[in-house]
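Hi,

Here is the structure I promised to pass on. Have a look, and my notes follow below.

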Amino acid sequence: MNCPICNETIKNPIFHEYLNREFNYLKNNPFTNMKIVNCYNCNFGFVDKYLSYKELDAFYKEAYRGKNPFLKLHLYKYGINSRAISQILLIKQYIHQNSNLKLLDIGAGFPYAINAFQAIFNNVELHVVEPSSQTNQIFKKRGCKTYNFLFNKINPHLLPSDYFDVILLSHVLEHYNSIDLESILRAIKLLLKENGLILIELPNSDFVNYIDKRFNDAPHLSFFSISSLKYILEKCGFDLIFLNTCCELNEERYYNTKSNNAVDKKKGIKARTKDFIKKLVPNHYNIRFQKIKRINIKLLKSSDFNYSGDRECIRALIKKG
Ligand SMILES: [Zn+2]
């Protein structure tokens, strides 16, 4: 077996259990009968099953956002969170313009990033790729050009090429089949302007140190480390401007969420719920039924603005090489 990222032969692979705690209730569950294999060379994890575009598209269109996300989306139409602000501020450090920028948010989900982009820059043009049609209704109301599908290697021609100043891939790449990653990144590169920037954020998956402390894997299919992300980005011909871990320290995060073994399962769920609520409240502090006029300073206390060390996510800023 070879690693889909660094191509190293994985001798005697260990097949780790795939944890499907979040979507195990689904009737047509695509995340069954799979295991995770980890590459000893670049520390990339991948599932041993290929999910077709049809299966993935159906899951993200119908199940991923819940049965009726419209109310929640409507409430957060003008919402802004610390993750989005920290990402957009990182981009701002490396872009020379303050206005007339074109943003493409792939797998946008909620409008936090487009709201942050609009708050931080002037006269922005917003484009969103999002498979959920209910979510797209909100984006349309926010003046975005929407593309209602799951971005994949078969549909990039539906978007303008050589067009965007900024492309956002926040918690997106880990949702793809590992063997599709390279073609997806190369397709995204074609949409970017010559001096445009791509911001990538994804979970920092450490199967060496925290394999027994994971809580859930679904619906992720690819599990990155700093070295595997660096490997694939360079392989696709990108220049790395910024690459670091961010958000909460893994040590604290795994301590807070307790252990994941059977005995501590209940405690783990309780701690995760507490953690989720704790994160939810300050993050959604700025919910308004009207346009956001100012960003609440409390958001800036978030660990989303912290970098370096062993942290829960990886953030990268790249451009065409
Ligand atoms: Zn590898």
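**Where to be careful**

Over residues 258–264 the pLDDT (the predictor's confidence in each residue, from 0 to 100) stays under 50, and the model has 13 contacts for them beyond four places in sequence; a contact means two C-beta atoms, placed from the backbone, within 7 Å. Residues 282–290 are also below 50, with 21 contacts beyond near neighbours in sequence. Where pLDDT is low, don't read the predicted coordinates in detail.

This is a predicted model, so local features need pLDDT of at least 70 and side-chain atom pairs count only at 80 or more, while totals for chains, interfaces and linings use all residues. Numbering starts from 1 along each chain as its sequence is written. The mean pLDDT is 87, and 86% of residues reach 70 or more.

**What I found**

The protein has nine helices and eleven strands (DSSP runs, numbered from the N terminus: H or I of at least four residues for helices, E of at least two for strands).

Helix α4 (residues 112–120) is mostly covered, with seven of its nine residues buried, i.e. 20 or more other C-beta atoms, placed from the backbone, within 10 Å of their own. What covers them includes α3 (82–92) and β4 (102–106).

α3 and α4 pack at about 45 degrees, axes 9 Å apart (lines fitted to C-alpha atoms over the stretch in contact, with angles from 0 to 180 degrees between N-to-C directions). That makes α3 oblique to α4, meaning neither under 35, over 145 nor 65 to 115 degrees. Residues making the contact include I88 and L89 of α3 and A116 and F117 of α4.

Cheers

Technical notes: Buried ≥ 20, exposed ≤ 12 C-beta atoms within 10 Å, placed from the backbone.
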